[in-house]
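Take a look at the structure below. The report that follows walks through a few of its features.

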Amino acid sequence: MNQPFASRRNFLFGSAALTAAASAAPISRTAASRRALLDPSELGLRPGMTHLNTASAGPTPNRVLTRTVVAWHRLETDPVLMTYGKDPASVVSAADKVRSKIGALVGCSNDEILLTHGTTDGITTLAQSIKLREGDHVLLTDQEHEGGETGWLHRQRIDGIIVDRVNIPIGDYDVAAIIDRFKAAIGPRTRALSVSHVLSPTGLRMPVTEISALARSRGILCIVDGAQAVGQIAVDVKSLGCDAYAASGHKWLMGPKGTGFIYISKRAAEAIQPPQWLNGRDFGSNSAGVGAITLAIGLGEAVDRIAAMGMEAIEAHNLPLRDGIYRQWQGIPQLRLVSPPPGELATALVAAELPSSIDSESLIRRMHDRHRVIIKKAEKRWLNGIRFSPHIFNDQAQIDFAMAALRSELRASS
């Protein structure tokens with residue numbers, strides 16, 4: 001069963017993280033052959049830390065933090081005006097403009113964007129915004145993150161809907177077979193599909209365009225969990241053809257924790273009606289209440305920085321780092337790769353299974369405490385394994401250091 005420790009939010013900061021383990025084997029850091037797009041000095045990471053777990057939480061750049069704090073100070077100079085005022089100079093007006101920035105990033109208009117606290121909040125909002133009756137079915141994969149399941153399981157508990165699952169075996173990346181399983185799993189009372197754009201356990205880039213087209217052909221809604229997509233791969237929600245899309249600000253966008261958004265297409269506006277839009281779609285409407293104004297402004301700054309770099313450049317940086325990890329892992333006998341090989345199905349998430357004799361949780365704690373390398377253990381409901389997720393602030397030297405540390409710990413565990 002899945003343990004509480006294994007979640008998007010848990011990020012390995014125990015008391016042991018505050019001191020270096022004297023017994024750690026010395027491992028040298030080499031010069032970078034692939035430089036970082038974002039200078040690590042722009043981050044607040046502890047000195048000597050190698051952060052390879054952006055898929056759980058990305059480090060927020062100092063400029064984003066500064067923008068957030070400055071906005072907060074400005075808000076408190078005249079809190080009523082800055083929170084409720086419609087003047088373009090008000091802080092809430094600045095927060096409202098973030099919807100346009102996100103729309104430009106993912107290819108939609110600002111009035112199709114609702115700011116949230118994260119992907120879990122977004123998917124749950126969507127699940128609560130659809131008319132479903134007792135006995136209606138919603139179809140998920142069996143590799144959805146808990147945050148992508150919670151809203152639907154809640155509806156199942158209180159409304160009597162039925163949550164079905166499409167099986168995607170770990171290590172299976174046969175796109176045609178995946179689509180065939182969806183076709184076979186859709187029944188006469190299936191009302192919605194809810195699927196991840198990038199699968200959290202393995203980093204598989206799912207065929208969302210084809211799944212969305214299948215949903216439309218059957219007259220059902222397609223909702224996408226984009227937690228592991230926005231900020232690391234190009235996302236165009238119109239091209240994907242989905243009815244709704246939820247994402248986080250705190251992962252690949254490297255925005256403030258507690259931020260996110262959902263996109264709801266105009267086509268699906270009658271079928272998906274979030275309560276926050278009852279009195280209009282502005283960020284500060286009466287139905288939405290007072291949101292996390294300053295965090296939203298920080299998210300806007302983070303989006304600006306990602307957009308300025310360009311998704312093409314970000315993928316061109318991240319994927320070679322990821323592919324290098326994949327190739328090195330192929331030469332480590334204790335690891336069984338479960339992510340797709342380099343190619344169009346790959347993303348910056350790469351995962352491998354460990355032998356049963358090596359506990360993944362113990363391994364990642366040693367990587368953190370002895371080497372200051374931050375990676376993620378695979379959630380054990382799927383496999384006993386590890387996951388690396390490099391991003392724009394990582395370089396080849398950090399990858400080499402992390403691989404040396406991993407080999408050292410695997411040898412010690414043998």
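## Helix α6 and its glutamate

Glutamate 149 sits in helix α6, which covers residues 146-159. The model is a predicted one. Glutamate 149 has 6% relative accessibility. That is under the 20% cut-off, so glutamate 149 counts as buried. Its contacts, leaving aside neighbours within four places in sequence, are Leu140, Glu144, Arg165 and Arg381.

Glutamate 149 is not alone in being buried here: Gly147, Gly148, Gly151, Trp152 and Arg155 of α6 are buried too. What covers the buried residues of α6? The cover includes helix α5 (119-128). It also includes the strands β3 (137-141), β4 (162-166), β5 (190-196) and β6 (221-225).

## Length and end of α6

Helix α6 has 14 residues, and at 1.5 Å a residue they should span 20 Å. The end C-alpha atoms are 19 Å apart, which agrees. Just after the helix, glycine 160 takes a positive phi of about 80°.

Isoleucine 158 also lies in α6. Is isoleucine 158 buried or partly exposed? Its relative accessibility is 47%, so isoleucine 158 counts as partly exposed. The C-alpha atoms of isoleucine 158 and alanine 177 are separated by 33 Å. Along the chain, these two residues are 19 residues apart.

## Helix α12

Helix α12 runs over residues 360-371. Its twelve residues should span 16 Å at 1.5 Å a residue. The end C-alpha atoms are 16 Å apart, in agreement.

The buried residues of α12 are Ser360, Leu363, Ile364, Arg366, Met367, His368, Asp369 and His371. They pack against three strands, β11 (373-374), β12 (376-377) and β13 (385-388), and against helix α13 (396-413).

## Two residues with positive phi

Most residues other than glycine have a negative phi. Arginine 372 has a phi near 60°, a positive value in a residue other than glycine. Arginine 372 comes just after α12, in the loop between α12 and β11. Its relative accessibility is 15%, so arginine 372 counts as buried.

Methionine 254 is not a glycine either, yet its phi is positive, at about 60°. Where is methionine 254 placed? It is in the loop between β7 (244-248) and β8 (260-264). Methionine 254 is buried, with a relative accessible area of 2%.

## Nonpolar cores

The largest nonpolar core has 59 residues. Those with the most contacts inside it are Ile102, Val106, Phe182, Met206, Val230, Val235 and Tyr245. Helix α10 (residues 293-309) gives the largest share of this core, six residues.

Valine 230 shows how such a residue is surrounded. Not counting residues up to four places away in sequence, valine 230 touches Leu105, Val106, Val235, Tyr245, Ala247, Trp252, Leu253 and Phe261. Another core, of 26 residues, lies apart from the largest one. Among its members are Leu52, Ile332, Ala352 and Ile386.

## Cysteines

How many disulfides does a search of the whole structure find? It finds zero. Cysteine 108 is in no disulfide, and the nearest cysteine sulfur, that of cysteine 242, is 9.5 Å away. A disulfide needs two cysteine sulfur atoms within 2.5 Å. Cysteine 108 has 14% relative accessibility and counts as buried.

Cysteine 242 is in no disulfide either. For cysteine 242, the nearest cysteine sulfur is that of cysteine 222, 6.0 Å away. Cysteine 242 is buried, with a relative accessible area of 1%.

Conventions: Residues are numbered from 1 along each chain as its sequence is written. This is a predicted model: local features need pLDDT of at least 70, side-chain atom pairs count only at pLDDT 80 or more; totals for chains, interfaces and linings use all residues. Side-chain values use heavy atoms; hydrogens and water are left out. Buried means under 20% relative accessible area, exposed over 50%, partly exposed in between (1.4 Å probe, protein chains only). A nonpolar core is a set of buried Ala, Val, Leu, Ile, Met, Phe, Trp, Tyr and Cys residues joined through side-chain atoms within 4.5 Å. Helices (H or I, at least four residues) and strands (E, at least two) are DSSP runs, numbered from the N terminus. Contact means heavy atoms within 4.5 Å. The expected span of a helix is 1.5 Å times one less than its number of residues.
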